[in-house]
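Student: I would like to understand how the words used for a protein model are justified. Could we take them one at a time?

Tutor: Gladly; let us look at the model together and set each value against its rule.

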Amino acid sequence: IVRKYVDPDGAMVQSNRYKQYVDAPSIGDKVISILKNHDGKKPIFLWAHFMDTHLPYVSGKGKRWWRETKHYLAATGHDPSISPAISFRRSLPRDKGEWEKLSALYDASVRGVDEQIGRIFDALVSLGIENNTIIVFCGDHGEELGEHGNRSHHFLPYEHNISIPMLYNAPKHAGAEIKGLTSLLDVAPTISALAGLPPDPGWEGLPVTHEDINKRGHVLVEFFYGGNCLFKNRPIYAGVRTHRHKYFWKEFRDPRDWQSRNGHELYDLFHDREEQHNVYNVDHPALPELELCIARRLAELPEISQERIVRAFGKSVAAKVT
């Protein structure tokens, strides 16, 4: 009798050898090729979107990427024998150990993307154009690794989803850390300012170097729970982030929403950075200002009626935004 033993994790990895997106090394190759073949007498705007830090967290190039994953794991101080198979499971990690393995694979994917960004920087230097190039690096969202019971990013405004890196490297600008509240709305105005160009009058953001950034009291996150932006038929969700507080407001809970908690959520980020202790109550002193921020934004949307704002926040708040 011949018995054949199958490694379930190995089989899972093999069956997912074809990535769902173009891998980071291939994007790095393409960007460098474009730079090398570009006519240096003309300006160039080049944007690259790296997807390797999305589920499934797979690091490496081509359909045999898993052979390289162990090197990225080792480079980030993790066990190189961790199998990428856990990234492909439909179910959530079952215990702390599995969450840690998933987190290690995420770290490895970040390392892989970082390596390719480094290659692009090196190419700029080798071409002699690093001192005539504005380089912008930012994320479009964060990632959850079990902080609120889930993985990936599901458009709930917790810090692990909305806190992202945003870095600018521009000629003749010394390094500085921006302490104010910023958002992706600020990217285009910042690039224009660094290039010496006037901003489009329709842009809502500001250059991150603008003095008013430090005066900004809050930033908003607005969204629906999945699906299309059907204002008439979908409950609006919104998050308000101040220097101290995070307020997660729901017009009402979407019937399909199986992830967020019931009711509103308020977190004191000075004492609860991980947002684990909801301190919401109708008498909380921070609430009037936070609700007014949301109401003012809703009043700007032509799809939202005055009656809807009254139902959500009451007549006194609605009167302040008309």
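Student: How do you know that the span of helix H4 (residues 96-126) agrees with what its 31 residues should give?

Tutor: Bear in mind that this is a predicted model. The expected span is 1.5 Å times one less than the number of residues, and for the 31 residues of helix H4 this comes to 45 Å; the end C-alpha atoms are 45 Å apart, so the two values agree.

Student: What is found at the start of H4, and what follows the helix?

Tutor: At the start of H4, a side-chain oxygen of Asp-95 comes to within 3.1 Å of the backbone nitrogen of Gly-97, and after the helix comes Gly-128, which has a positive phi near 75°.

Student: Why is the contact between Lys-246 and Glu-159 called a salt bridge?

Tutor: The rule asks for a side-chain nitrogen of Lys or Arg within 4 Å of a carboxyl oxygen of Asp or Glu; the side chains of Lys-246 and Glu-159 meet at 2.8 Å, N to O, and the pair therefore fits the definition. Lys-246 lies in strand S7 (residues 245-250) and Glu-159 in helix H5 (residues 159-162), so this salt bridge ties together parts that are 87 residues apart in sequence.

Student: What makes Lys-246 and Glu-159 count as buried?

Tutor: Buried means under 20% relative accessible area; Lys-246 has 1% and Glu-159 has 9%, so both residues fall under the cut-off.

Student: How many salt bridges does the rule give, and what separates Glu-300 from Arg-297?

Tutor: The count comes to 19 salt bridges. One of them joins Glu-300 to Arg-297, with the closest N and O atoms 2.7 Å apart; these residues are three apart in helix H7 (residues 287-300), which means that about one helical turn separates them. Salt bridges that share partners also join Glu-159, Arg-241, Lys-246, Arg-273 and Glu-275 into one network.

Student: Why is Glu-300 called exposed, while Ile-34 is called partly exposed?

Tutor: Exposed means over 50% relative accessible area, and partly exposed lies between that value and the 20% limit for buried residues. Glu-300 has 55% and is therefore exposed, whereas Ile-34 has 32% and is therefore partly exposed. Ile-34, which lies in helix H2 (residues 24-37), forms a nonpolar surface patch with Ile-44 and Leu-46, with about 210 Å² of accessible area together.

Methods. Residues numbered from 1 in each chain as written. Predicted model: local features only at pLDDT ≥ 70, side-chain atom pairs only at ≥ 80, totals over all residues. Heavy atoms only, no water. Patch = residues over 30% accessible without salt bridge, like charges linked within 9 Å, V, L, I, M, F, W, Y side chains within 5 Å. Areas by Shrake-Rupley, 256 points an atom, 1.4 Å probe, with all protein chains shown as cover. Helix = DSSP H or I, 4+ residues; strand = E, 2+ residues; numbered from the N terminus. Buried < 20%, exposed > 50% of the residue type's maximum accessible area, 1.4 Å probe, protein only. Polar contact = N/O pair within 3.5 Å; in protein donor to acceptor, adjacent residues only side chain to side chain.
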